[in-house]
Amino acid sequence: MVVLLNSLYKGGIGKTSNSVILTHILADKGYKILFIDCDPQGNGTRFLTTKSTTDVEFQKKNIFEAVKHDELKDNILKLKENIDYVPGNENINLFERMMDRKKIPSDKRYLYFNMLLQPLSQEEMYDFIILDVSPTKSLLNSSIMAGVTHHIVTSQSEVFSVEMIQSYLNDIKEFRAIQQIPSEVLGISLGMRDWTKLSKQVHDLVIHHYGDLVFNTVTKRKSKITEYAAAGFPSRNKRGLYNVKDSKALSLHWRLADEILMRLNLPLSKGGEI
Ligand SMILES: Nc1ncnc2c1ncn2[C@@H]1O[C@H](COP(=O)(O)OP(=O)(O)OP(=O)(O)O)[C@@H](O)[C@H]1O
Ligand SMILES: [Mg+2]
């Protein structure tokens, strides 16, 4: 089972959008996915379900309840075939206080998510667990970073964002030291690229510095993708296809998903799906 985190300490660069879109595409390819929204903002839950985390449906089942009761499984909801999710909740902000209350010693707190995810890993319930986090450096996010098997470092082709890559990679290295099985960096994913000269220069600089670690696919800024975050992910028709505009808008994310699967040595589709 792949436990994947798509992140960087930088806000508004497309982390949540990429995680939700990859969740849908990998599910379309036949993989069974659990999406866990660990960001108090709850944008992933909104994008995935078009409902706010304050919706009555999420009041009893969410990430805060999961941490409160040390139990993820009871907080899983079904979105559609191949996609389950744990909704976000603003109170996950209280993670540090919850660790105090549980009397978990400070050196064990980084291992909390590892413990929380263990029953799902042992039962191989999913092919992928995809987590979404806020862009901050916090105990919650550190515990998640230490609990995953694979990282994708997501960045915009923009100077401030790219400057955070090294610091994020350094932290991943630090967490690898406390993991039983050290996690892998699958790659650096550059995205939301626009057509400015500066954007190309920044992109070339990242390739020069990180070489093969950078995914070949660079996702672009597309208005359709902004629309999906508000209106929901598009559906496929009876023949299992997206309409032409949607498949065009999603084509680079589709290619990125293929690259991710190739780097994981997994088939591009599972069980004969598209
Ligand atoms: N490829 C894209 N094309 C156009 N708009 C995009 C794209 N990816 C993301 N966006 C838009 O950019 C904004 C920020 O995206 P998103 O919420 O995914 O970023 P984030 O890094 O998760 O932010 P945060 O750090 O606040 O969690 C959103 O309005 C989203 O719809
Ligand atoms: Mg986000």
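Which residues does L190 touch, not counting residues up to four places away in sequence? In this predicted model, L190 touches S155, S157, H203, V206, V214 and V218 once those sequence neighbours are set aside. The report begins with the overall fold and then returns to L190 and its surroundings.

**Overall fold**

The protein comprises eleven helices and seven strands, and its C-alpha atoms, taken along the principal axes, fill a box of roughly 50 × 45 × 35 Å. For 274 residues a compact globule would have a radius of gyration near 19 Å, and the 18 Å of the protein therefore agrees with that expectation. Of the 274 residues, 42% count as buried. Among contacts in the protein with a separation of 6 or more, 78% are accounted for by residues 24 or more positions apart.

**Strand β7, helix α9 and the loop between them**

L190 has its place in strand β7, which covers residues 184–191. With 29 C-beta neighbours inside 10 Å, where 20 or more are required, L190 counts as buried. Its C-alpha atom lies 6.1 Å from that of T154, although L190 and T154 are 36 residues apart in sequence.

M192 lies in the loop between β7 and α9, and it has a positive phi of about 50 degrees although it is not a glycine. M192 also counts as buried, because there are 22 C-beta neighbours inside 10 Å.

S199 is found in helix α9, and this serine is buried, with 20 other C-beta atoms within 10 Å. Leaving aside neighbours within four places in sequence, S199 is in contact with S157, R193 and D194; the serine S157 also appears among the residues that L190 touches. S199 and S157 are 42 residues apart in sequence, and their C-alpha atoms are 5.4 Å apart in space.

R221 is found in the loop between α9 (197–210) and α10. R221 is in contact with M192, R193 and D194 when its neighbours within four places in sequence are left aside, and R193 and D194 are likewise contacts of S199. R221 is partly exposed, with 15 other C-beta atoms within 10 Å. The C-alpha atoms of R221 and A249 are separated by 9.4 Å, with their positions 28 residues apart along the chain.

**Two further sites**

E65 lies in helix α3, residues 63–68, and is buried, with 20 other C-beta atoms within 10 Å. Not counting residues up to four places away in sequence, E65 touches K60 and N75. E65 and S138 are 73 residues apart in sequence and, from C-alpha to C-alpha, 19 Å apart in space.

N265 lies in the segment after α11, where it counts as exposed, with 6 C-beta neighbours inside 10 Å. Phi of N265 is near 55 degrees, a positive value in a residue other than glycine.

The C-alpha separations given for individual residues are collected here.

| Residue pair | Separation in sequence | C-alpha to C-alpha distance |
|---|---|---|
| L190 and T154 | 36 residues | 6.1 Å |
| S199 and S157 | 42 residues | 5.4 Å |
| R221 and A249 | 28 residues | 9.4 Å |
| E65 and S138 | 73 residues | 19 Å |

**Packing of α1 against α11**

Two packed helices are described by the angle between their axes and the distance between the axes. The axes of helix α1 (residues 15–28) and helix α11 (residues 244–263) come within 10 Å and cross at roughly 70 degrees, and α1 and α11 are therefore roughly perpendicular to each other. On the α1 side the contact is made by I21, L22, I25 and L26, which meet L250, H253, W254 and A257 in α11. The residues of this contact divide into seven nonpolar, one polar and no charged.

**Surroundings of ligand 1**

Ligand 1 is surrounded by 20 residues, of which the closest are G11, G14, K15, T16 and S17. The elements giving two or more residues to this shell are α1 and α10 (223–231). By character, the residues of the shell around ligand 1 divide into five nonpolar, eleven polar and four charged. Helix α1 thus takes part both in the shell around ligand 1 and in the contact with α11.

Conventions:
Residues are numbered from 1 along each chain as its sequence is written. Chains are lettered from A and ligands numbered from 1 in the order in which they are written. This is a predicted model: local features need pLDDT of at least 70, side-chain atom pairs count only at pLDDT 80 or more; totals for chains, interfaces and linings use all residues. Axes are lines fitted to C-alpha atoms, for helices over the stretch in contact, and angles run from 0 to 180 degrees between N-to-C directions. Helices (H or I, at least four residues) and strands (E, at least two) are DSSP runs, numbered from the N terminus. Angles under 35 degrees count as roughly parallel, over 145 as roughly antiparallel, 65 to 115 as roughly perpendicular and the rest as oblique. Two residues are in contact if their C-beta atoms, placed from the backbone, lie within 7 Å. Ala, Val, Leu, Ile, Met, Phe, Trp, Tyr, Cys and Pro count as nonpolar, Asp, Glu, Lys and Arg as charged, and the others, Gly among them, as polar. The radius of gyration is taken over C-alpha atoms; the globule rule is 2.2 Å times the number of residues to the power 0.38. A residue is buried if 20 or more other C-beta atoms lie within 10 Å of its own, exposed if 12 or fewer, and partly exposed in between; C-beta atoms are placed from the backbone. A residue is near a molecule or strand if its C-beta atom, placed from the backbone, lies within 6 Å of it.
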